[in-house]
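Visitor: I am new to this structure. Please take one part of the backbone and look at it closely, then place it in the whole.

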Amino acid sequence: MKKEDNINNRMITAIILMFMGLFLLGIIFLADFHAPRTVALGSIYCIVILYTWLIPIKNISIFTALLCTLLIIIDLTYSPADANADKLYGINVFISVIVVWTCASLVAIAKRSFESMDHLNDHLEEKVRERTIEVRLNETRLRQMTEVIQDYAIILLSKEGKIENWNQGAQRILGFEKEEVHNKNYQLLFSKEDNGDVARELLHKASKNGLSKDESWLLRKSGEQFFAEITITAIKNDLDEPMGYSLITRDLTERKRAEIQRNEYNKQLEQKNKELEQFAYITSHDLQEPLLTVESFVNMLEEDYEDKLDDHGKKTIGFISKATKRMRVLIADLLHYSRIGSSKNKESINVDKLIDDLLKDFTSTINQTKASIQFNGLPTIIGYKMEVAQLFQNLISNAIKYQKKGVSPEVIIRGEEHSDHWKFEVKDNGIGIEQDYQERIFLIFQRLFARGEYEGTGIGLAHCKKIIELHRGTIWVESTPGIGSTFHFTINKNLS
């Protein structure tokens, strides 16, 4: 509706200007018609040509020039004759026509140029208007979005670090009203112990690098401290100069408290483990002495009273002797278990060479059982060499030991590298393990078979589990009774 009103107003204006132009043209024609032929009044038509500049009609100056030319010809034809002035009058008419058309051409060109500029200005104004609407819309959306964010404090700072604006999340987290902190330096949010050093350093980094991050203790209005993550981003102009900064922070107090508690718990746990390992070492060491005493007296009885003991007595002495030997092995295993991880020296381990060296200790057992141990192309890892050797020794020993009667053991060892760990498997063709016992076997002193069937103390796989945990990995078994077992384990690449 508004656009149509503008068009109507322009048409009315054009009509009024046209009538005024025609009136002026008539006056000039009458003046030229009655003027002496020696006077070049025809050039005055240029006034009308210039006047057409005001009329908003396309090519109006050309049409006016045609009309002026026609009037000049009419004046030439019907004006009173003057023989003495005919020659001069012809020159005046020619000059008048040339002047009129020159003026008309210049007006038309200038008017077309100004119309192009007006059109370009209108286009630019429209683009500016559209861009302004878009910017305001984006500002509104951003303001609405930041206002509804409650878990983050979003603060706008001047280039001097003074608070200019912030969202409701900042008000909720910090406790201040906007008016209380407006135009104040954001250092007031930091604890007094910082003396503003942290705040200044963050702004300096953001100004230099465009972004700065930190985790620090901040202050609420109540004086309560809270731990926060702080991110400051520089808002720069076209010259890459900071005009201000945006600060985003969130409350991490609960996470920090949980971290402190976890660290404290880990310290306590580490201390308890040290105490437990020390207790196991002392206990196993102190048990050796009375056990040796018992074993010595049993040997004396066997030597000094062998002729005086009946079969029942000899059998009893034999039971005691076997029990003390088994007890000595258990204590030794317990002592070794407590010492796992005592060495803190990590080193590069060529697993192929490690296993090759281990198999030299198994030469007699391999020959007796006709066992086949296959491995090749195993990765080189970083770990605790003594413990890794114990790990493979226990798994290979079990694979050979727990074998079906009349079947030669076959052991296959594989390894592969992954992005953050190494993965190994030790596969055998032994007796296998029931599903219900596949987790229990990794507990200390857990045996699945009677001592008469298979030797051992039930601590070997517990050793393996502790060694794998030392290397921040996991161990598990896949097994089918009567077919065999595959022990899988991982070793983490990052043992820091």
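Guide: Helices (H or I, at least four residues) and strands (E, at least two) are DSSP runs, numbered from the N terminus. With that, Asp-240 can be placed in the loop between strand S4 (225-236) and strand S5 (242-251). This is a predicted model, in which local features need pLDDT of at least 70, side-chain atom pairs count only at pLDDT 80 or more, and totals for chains, interfaces and linings use all residues. Residues are numbered from 1 along each chain as its sequence is written, and side-chain values use heavy atoms, with hydrogens and water left out.

Asp-240 is not a glycine, yet its phi is positive, near 60°. Its relative accessible area is 53%. Buried means under 20% relative accessible area, exposed over 50%, and partly exposed in between (1.4 Å probe, protein chains only), so Asp-240 counts as exposed.

Asn-183 can be set beside it. Asn-183, also a residue other than glycine, has a positive phi of about 70°. Asn-183 sits in the loop between helix H6 (178-181) and helix H7 (197-209). Its relative accessibility is 49%, so Asn-183 is classed as partly exposed.

Now the whole. The protein has 13 helices and 12 strands. Of its 496 residues, 35% are buried. A contact means heavy atoms within 4.5 Å; of the contacts between residues at least 6 apart in sequence, 60% join residues at least 24 apart. About 31,300 Å² of the protein is exposed, with 56% of that supplied by carbon and sulfur atoms. Accessible areas come from the Shrake-Rupley method with a 1.4 Å probe, and for residues only the protein chains shown count as cover.
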